[in-house]
Amino acid sequence: MDTGSHLLIGITLAGVATLQPEVAHDPLLLQAVLAVTVAGSHAPDLDTIARLKGYAVYLRHHRGITHSLPALVVWPALLSALAAALFGGMWDHYVLLYGWAAMAVILHVGMDLLNAYGVQCLKPFSSRWLHLDILPLTDPFLLALHGCGALLWVAGAANPGIWMAAVYGASFIYVMARWLHKRLLLRRLTGYAKDLLGAAGPLQLVPGLTWRSWQFAAETEYSFHSGTVRGARIVLKDTYVKDRTHPVIEAAMAAEGVRAFLDFAQSSHVSWDSHGEGYVVKWREVRFWHEHKLPFGIDVTLDRELKVLSEQLGWTKKAWEPPYV
């Protein structure tokens, strides 16, 4: 989920906390709770600092250890201790602050899990990328819902705790509805892939901004296929033939970013081409496509002796363009 949505969820979560009488009747305690819920809603994404060391390092660590099982305990402990110290020595309320900070961190990781990009939330027991493919990076409905809830609270609405609880109730119903819709879609797509494509490999879904708009990637023994689902209509867009192993591809594996990309990618397509001074090998994540292009991957340039000259890892699309991951 995007930073703005995470922060909004932190604000509305503090609103829910006003259902506790001690929070509702103590302005300073409410400020402390608001501080830990907003900070907890953002803290796991502090791993973006890894980008200073290059995109390969960022790809390896983003949504990794800071979103892991130990992090669900460590972040709340740090944030609640800091808040207790800064807000007039509220150590008597440490457990309360810890509880709300923990909820904020868990919600952050949980919302990231609902996205197609995924999260390594089972570390240190597993480095597997988990993604439920239910929500886009920024969900317009949830953004509007929590935005309206925050505005109601700021405007001085009576019983903010009840209003914010209603916001979370509606959010839960919405997420469950999208999950059920995704399951139905996956069942339809599985039949489509078997009947028309002979697809026996993984079938990946990427949600759009509305639940009537989805993208999919299907894999067969010899190819990848991408397409869209608009309402009841399934449209096949592109087919990518799998390249066989080649010395040029094997040589490009020496590039630092290739392993980081392959550890992350769910459906990676590789191709290579020669030019005047050497070769270019391209790996692409087939799940993430837009306008007949695969905008996420790595390009490795080699000379005629198959020595790696350069590599370029990352996105080639604009932030506002799909896919929204």
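Arg 178 is buried in this predicted model, with a relative accessible area of 0%. The residue sits in helix H8. Its side chain forms a polar contact of 3.4 Å with the side chain of Asp 139. Asp 139 is also among the residues that Arg 178 touches beyond its neighbours within four places in sequence. That set further includes Ile 134, Leu 135 and Pro 136, together with Pro 207, Gly 208, Leu 209, Thr 210, Trp 211 and Trp 214.

Leu 135 is also in contact with Leu 142, a residue of helix H7. Leu 142 counts as buried because its relative accessibility is 6%, under the 20% cut-off. Apart from residues up to four places away in sequence, Leu 142 touches Met 1, Met 111, Leu 135, Ser 171, Tyr 174 and Val 175. Its C-alpha atom is 33 Å from that of Ile 298, and 156 residues separate the two along the chain.

**Helices H1 and H6**

Met 111, a contact of Leu 142, is one of the buried residues of H6. Helix H6 covers residues 94-113, and the buried members of H6 are Leu 96, Leu 97, Trp 100, Ala 101, Ala 102, Ala 104, Val 105, His 108, Val 109, Met 111 and Asp 112. They pack against helices H1 (3-17), H2 (21-24), H3 (27-42), H5 (71-86) and H7 (140-154).

H1 is largely enclosed by the rest of the structure, because 11 of its 15 residues are buried. Those residues are Ser 5, His 6, Leu 8, Ile 9, Gly 10, Thr 12, Leu 13, Ala 14, Gly 15, Val 16 and Ala 17. Their cover includes H2, H3, H6, H7 and helix H8 (160-197). At the start of H1, a side-chain oxygen of Asp 2 comes within 3.1 Å of the backbone nitrogen of Gly 4. The spans of H1 and H6 from first to last C-alpha are each close to the value expected at 1.5 Å a residue, as tabulated here.

| Helix | Length | C-alpha span | Expected span |
|---|---|---|---|
| H1 | 15 residues | 21 Å | 21 Å |
| H6 | 20 residues | 28 Å | 28 Å |

Which residues does Thr 37 contact, leaving aside its neighbours within four places in sequence? They are Gly 10, Leu 13, Ala 14, Trp 100 and Ala 104. Gly 10, Leu 13 and Ala 14 belong to the buried set of H1, while Trp 100 and Ala 104 belong to that of H6. Thr 37 itself is placed in helix H3. It is buried, with a relative accessible area of 0%. A polar atom of the Thr 37 side chain lies 3.1 Å from the backbone oxygen of Leu 34.

**Backbone features in the loops**

The loop between H6 and H7 holds both Pro 124 and Asp 133. Pro 124 is joined to Lys 123 by a cis peptide bond, with omega at about 5°. Asp 133 has a positive phi, near 55°, though it is a residue other than glycine. Asp 133 is buried, with a relative accessible area of 5%.

Arg 63 likewise has a positive phi, about 60°, without being a glycine. It lies in the loop between helix H4 (55-61) and H5 and is buried, at 4% relative accessible area. A cis peptide bond also joins Pro 322 and Pro 323, where omega is about 0°. Pro 323 is in the segment after strand S8 (308-315).

**Largest pocket**

The largest pocket has a volume of about 470 Å³. Its lining consists of 20 residues, and Tyr 58, His 62, Leu 137, Trp 315 and Val 325 lie nearest its centre. By type, the lining comprises 10 nonpolar, four polar and six charged residues.

**The chain as a whole**

The protein chain contains 10 helices and eight strands. Its C-alpha trace spans about 70 × 45 × 35 Å along the principal axes. Of its 325 residues, 49% count as buried. Among contacts with a separation of 6 or more, 56% are between residues 24 or more positions apart.

Technical notes: Residues are numbered from 1 along each chain as its sequence is written. This is a predicted model: local features need pLDDT of at least 70, side-chain atom pairs count only at pLDDT 80 or more; totals for chains, interfaces and linings use all residues. Side-chain values use heavy atoms; hydrogens and water are left out. Helices (H or I, at least four residues) and strands (E, at least two) are DSSP runs, numbered from the N terminus. The expected span of a helix is 1.5 Å times one less than its number of residues. Buried means under 20% relative accessible area, exposed over 50%, partly exposed in between (1.4 Å probe, protein chains only). Contact means heavy atoms within 4.5 Å. A polar contact is a pair of N or O atoms within 3.5 Å; within protein, one must be able to donate a hydrogen and the other to accept it, and residues adjacent in sequence count only if both atoms are side-chain atoms. On a 1 Å grid over the protein atoms alone, a cavity is a set of points where a 1.4 Å probe fits but cannot get out, and a pocket is an open set with protein on both sides within 12 Å along at least five of seven lines; lining residues have an atom within 4 Å of a point. Grid points are joined across faces, edges and corners, and a volume is the space filled by probe spheres set on the points. Ala, Val, Leu, Ile, Met, Phe, Trp, Tyr, Cys and Pro count as nonpolar, Asp, Glu, Lys and Arg as charged, and the others, Gly among them, as polar.
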